[in-house]
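Visitor: I should like to study this structure step by step. May we begin with how burial is judged?

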Amino acid sequence: MSAGRIALASLAVCLSAATARAADAEATPPGTTPPPSAPSYPTKSYAGTPTTSEGFSFGSYGRVTAASDLRGGSGREANIVAFGTRLDLPTYSEIQLERRDRWPSTYGTGAVSTNVVFTLAFAGPLFHETGRFEARTAVRNLYADTRGIFHKGFSAWIGSRMYRGDDVYLLNFWPLDNLNMVGGGVKMAFDTTSEEATSVALAVGLGRAADPFSFQTRPSPSPSGFGSTDVITLDRPRTILSLKGQHLHFFKRGSGAIPGLKFVLYGEQHSMGRGIRVNESNVREELPSETGALVGGQLGFFAGERDVFINLFLRHATGLAAYGDKTVPSALSPDKTTASARETLVALSANYEKGSFGLLLGGYFRGFRDASGNPYSRNTFNEGSLVVRPIVWLGEHVGLAAEGSYQAFGSAAVRDDGKPERASMWRFGVLPFLTPAGRGSFTRPHFSLVYLYSSRDAGARLRYAPDDKFARRSNEHFLGLSVEWWFNSSYR
Amino acid sequence: MAMSKMSKKMKTALFALSAAALAMSCVDVTHEETTSFKPAGHVAEWKDEVLYQVLVDRFADADQSNNYRVNKSHPARYHGGDWRGLEDRLDYIAALGVTALWISPIVRNVETDAGIDSYHGYWTQDPYLLNPHFGNLNELRSLVKKAHARNIKIVLDIVTNHMGQLFYYDINQNGRPDESVEGGIKTKGDKTVHITEYDPDYETPVVQSFTSLGNAGPAPIFFINDPTINRMPPQTPAAAILGKPEGYHRRGRIVNYDQPPDGDEQTMFGDFPGGLKDIATENPEVVKVMIDAYGRWIELADLDGFRIDTVKHVDHEFWQKWSAGIRAKAKSLGKNKFLLFGEVFDGRDKLVGSYTYNNELDGLFDFPQYFQVFRDVFISGGATKKIEARWLERKTNWSAEPPANGIGVAPVDMHVNFLDNHDVGRFLYQASVSGRAADAKAVLHNALAFMLMEDGIPCIYYGTEQDFAGGNDPANREDLWVSGYKTSGETFRRISRLNKIRKAVPAIRRGEMAFTWTTDHVGDEPDAGIIAFERKTADGSYALVIINTNKSHPSTTEAMGAAMKVSIPNGQELVDVLPDAGGQKVTVSGGTVKITIPPTSAVVLLPAGARI
């Protein structure tokens, strides 16, 4: 194995950024990025304890960046894999409105509460950039949940929502469970002992991309006899069933910092019915039913103080599930199924803080094999990235962070010049920042001046269209002002 | 205690991460085709080969991910075939007995023009890039590698004469392409012609512009820049000359192919119909690009030869320089027998043969034979003397000297024989419309027998084996998958059998060919329609092929009491090996062979005891 291949593999590189981006784009509205999770360490009050007061609540996640490429152009995201550094992510924000009520319980479980959650997301362009009254918007949450019926640890929800677990903050990535679906679910949390907390959650939902793989309308003669009307000729939503079990083990009792471990087992089952569509050749063709499965797990350690944690994620998906919840499968098998698609993913997320020093770490490796069975498919790839961000706080409200990252991609195809389709990129950033909320990797708001230098190799340049400036430049600068905040955010 | 437990679990977690990373490192997506692909020579003797022409888009669709703009209902759109599909069907190809695949062009094309798509591959946009409709380089390499593993060679179709419709002539100088130039009906001689800025008629020295005030000098040309259909100058810097006016002749469309001297000039300098822009092949920079671009594919894809399109539209000097450059490149890769043969779509043998001199090409399609033998004799029932005449004509007009650094065979022996191809109606179609439809299949079988037993390299157009009978382009470019790739059909078995005989008998592949019977008779005469020839080698391999092209009655190798003389000794028993179980037997007597052949049928006689 060549050094290049070792580097590629050991850094867990991979996926066609384009494909992965497409997948991500399906999971979230184009150009938007979901908010980061709260710190992924739990506390002892995690299970079953209401955390907000009754009434109306406003929450928000947001980031706004104004940046230059120091060559007279705008600063622009330059990752070549699906999940690289978040330093140059574009502007995105959410406003979250919640109505919370508490009701008397007849089950002896104490209060029963309900929440109605509405999250509206905005992506660019901003009016102050373009002077135009326009923005891309999406409803990211629209659901209600209730807690405390039957048992104080019981909860149920119905609606449309983001449904996900812990993230890798530095990559803006939810590596294990990240569903966007319309459906419902239940969760049972058992605060079994003061050292253990266990919960089980089950959810089921539907999703239907506006793509001829799952949905198609065709004009049909109108019943009135005049003109035509569109009728739905293909409608086969994807049904996703998810099951998640989580167990927290605390190393000690009492108050103060309580370290512990977090274990998560997670699974998804995806299915779609058969259907008939009219293909591009204007021929009716049958689409066979589809299934897929995903299994994964998470192992985490949390120190119980200052957001210190480490999480390791592993996931393997087959068939329909290998494409993610919203991506329209491509490169199908000759019988037009996703059956032989595979995805394997490992990810790491960690944060360490001590005194005025902090260290954030994030990385992932993803191997994807499309369903075509073609060993040379461009849609068969490995990709990954590793990001390290050391932080020094100079007092309570000021700090300096640096970030180094490496990302790489390799597909089973070769380029037209005979060279392997591989790409890699080194990125280094410096970000002096202000944290009004005090020290901490996750204290927000976070005001920063960001400088990011990127060095892309020839393969990385070739991942862009020939006329794209990124296709011609080996080095990239990104200098900008950035702010990020979250409070009462939709992550729960 | 708790912390020590934690520490243990942390170690476990870290170990798991390391193990996972290690496991992932084993999930390697690279392949030998990527990392250690090395071209080499694969051809021992081209005269042993049987070509099979494949239009990749219509052969087999194995990868749906490259089915961009596919419309299988429309005969002139992409239908989805790809290199992987071809690879998946190598068993089928091998069963047919062919030994070399001529695959349609692989380079990036203009996607579409005037409602027709570039599924055929002849509308080059960038000769350095692959056409993604057919796959990526690894898939092409994999096809080549798997084919070579079966001793099947790969010949690539290339075009150096023209590019796709990359620019328009701004005849009225209004800065935009007009389908119809304002006031654009003008008279040329006694003809009224329509002027379009995409494909105007031929003019010298270049297409002229005119406005309402009169002639306005040379029409400026503008390259179209429409990436949505890939209609733009080449993006590879090395091909920059093909994105500049000086890379083209800019004389407009050929309207006279036939009448020299004007016709020859137009043929050489005019745009190919459909607005395919004629390249200035006398430009040294163009020559360099064409050597570099196509030489590069030899190396990248381990090719064994080129089938060259529109040869007669390019100047001889180009072929001399280009062939030398390509041969040198091939030799540097260990390919000492890299085949260069081309298409001179013309019945004039002198013109066709002219490209075999001065070390130009190794061989050519035998278009004169297509017209004079297969059309006039086999289909139309002409005299078989014409076949012999065709033979003599070729010997007169084609070079008998092997080209320097070529494949080691004289071009006169490297005529590529064919019944039909993608540019003409299929043989069955022609036989049906020009002859009797009921006879068409038997005529096809007869013609196949001649083509596969005669001297030269036979070339079978895909679908012939499935009795495809499409008319002219695009009707002759059917999807092979509709046949179900059956190998049990009569024609498939006929071709397979003939190839088996060809493979087993050195005389048929490499031997001398001598006519033993041809005739002017086409009526009721006993020998009407008989064509017979011997194939033999110095070391004793021998075959006697006798074909009756007459559709009405059995014919005999005898006329006016004189039987057909042969060169093998008296007493030698000959057996027809064309039927699987063996056919007629005949013994040489008095230095002659007398045998009666049913109408529209053939025998391949080998010395008794020969096993096929």
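Guide: A residue is called buried when its relative accessible area is under 20%, and exposed when that area is over 50%. Please keep in mind throughout that this is a predicted model.

Visitor: Is A:Arg473 buried or exposed, and what is its relative accessible area?

Guide: A:Arg473 lies in the loop between helix H5 (469-472) and strand S22 (475-487) of chain A. The limit for a buried residue is under 20%. A:Arg473 meets that limit and is therefore buried, with a relative accessible area of 15%.

Visitor: With which side chain does the side chain of A:Arg473 make a polar contact?

Guide: Leaving out residues up to four places away in sequence, A:Arg473 touches A:Asp69, A:Arg71, A:Arg456 and A:Arg461. A polar contact requires a pair of N or O atoms within 3.5 Å. At 3.2 Å, the side chain that makes such a contact with A:Arg473 is that of A:Asp69.

Visitor: How far apart are the end C-alpha atoms of helix H11 of chain B?

Guide: Helix H11 of chain B covers residues 367-379, which is 13 residues. A straight helix would reach 18 Å at 1.5 Å a residue. The end C-alpha atoms of H11(B) fall short of this, being only 15 Å apart.

Visitor: Which residue has a side-chain oxygen that reaches the backbone nitrogen of B:Gln369?

Guide: B:Gln369 is one of the buried residues of H11(B), a helix in which eleven of 13 residues are buried. The contact is found at the start of H11(B), where the oxygen comes to within 2.9 Å of that nitrogen. The residue that supplies the oxygen is B:Asp366.

Visitor: How many residues of H14(B) are buried?

Guide: The 14 residues of H14(B) should span 20 Å at 1.5 Å a residue, and its end C-alpha atoms are indeed 20 Å apart. Among its buried residues are B:Leu444, B:Phe450 and B:Met453. The helix is largely enclosed by the rest of the structure, because the number of its 14 residues that are buried is twelve.

Visitor: Which strands stand at the edges of the open sheet of six strands in chain B?

Guide: The order of this sheet is S19-S20-S21-S29-S25-S26, with antiparallel pairing. An edge strand has a single partner, so one side of it is left without a neighbour in the sheet; the strands in this position are S19 (512-517) and S26 (585-587) of chain B.

Visitor: About what angle does the direction of helix H14 of chain B make with that of S21(B)?

Guide: Within the sheet, the twist averages 25 degrees from one strand to the next. Helix H14 (residues 440-453) of chain B packs on this sheet and touches S19, S20, S21 and S29 of chain B. Its direction and that of S21(B) make an angle of about 155 degrees.

Visitor: What is the bridge partner of B:Asn417 in S18(B)?

Guide: Both faces of strand S17 (residues 415-418) of chain B are covered, with B:His415 and B:Asn417 buried on one side and B:Val416 and B:Phe418 buried on the other. S17(B) runs parallel to strand S16 (residues 363-365) of chain B, to which two bridges join it. S17(B) also pairs in the parallel sense with strand S18 (residues 457-461) of chain B, over three bridges. In S18(B), the partner of B:Asn417 is B:Pro458.

Conventions: Residues numbered from 1 in each chain as written. Chains lettered and ligands numbered in written order. Predicted model: local features only at pLDDT ≥ 70, side-chain atom pairs only at ≥ 80, totals over all residues. Heavy atoms only, no water. Helix = DSSP H or I, 4+ residues; strand = E, 2+ residues; numbered from the N terminus. Expected span 1.5 Å × (residues − 1). Buried < 20%, exposed > 50% of the residue type's maximum accessible area, 1.4 Å probe, protein only. Polar contact = N/O pair within 3.5 Å; in protein donor to acceptor, adjacent residues only side chain to side chain. Pairing = 2+ DSSP bridges. Axes fitted to C-alpha atoms, helices over the stretch in contact; angles between N-to-C directions. Contact = heavy atoms within 4.5 Å.
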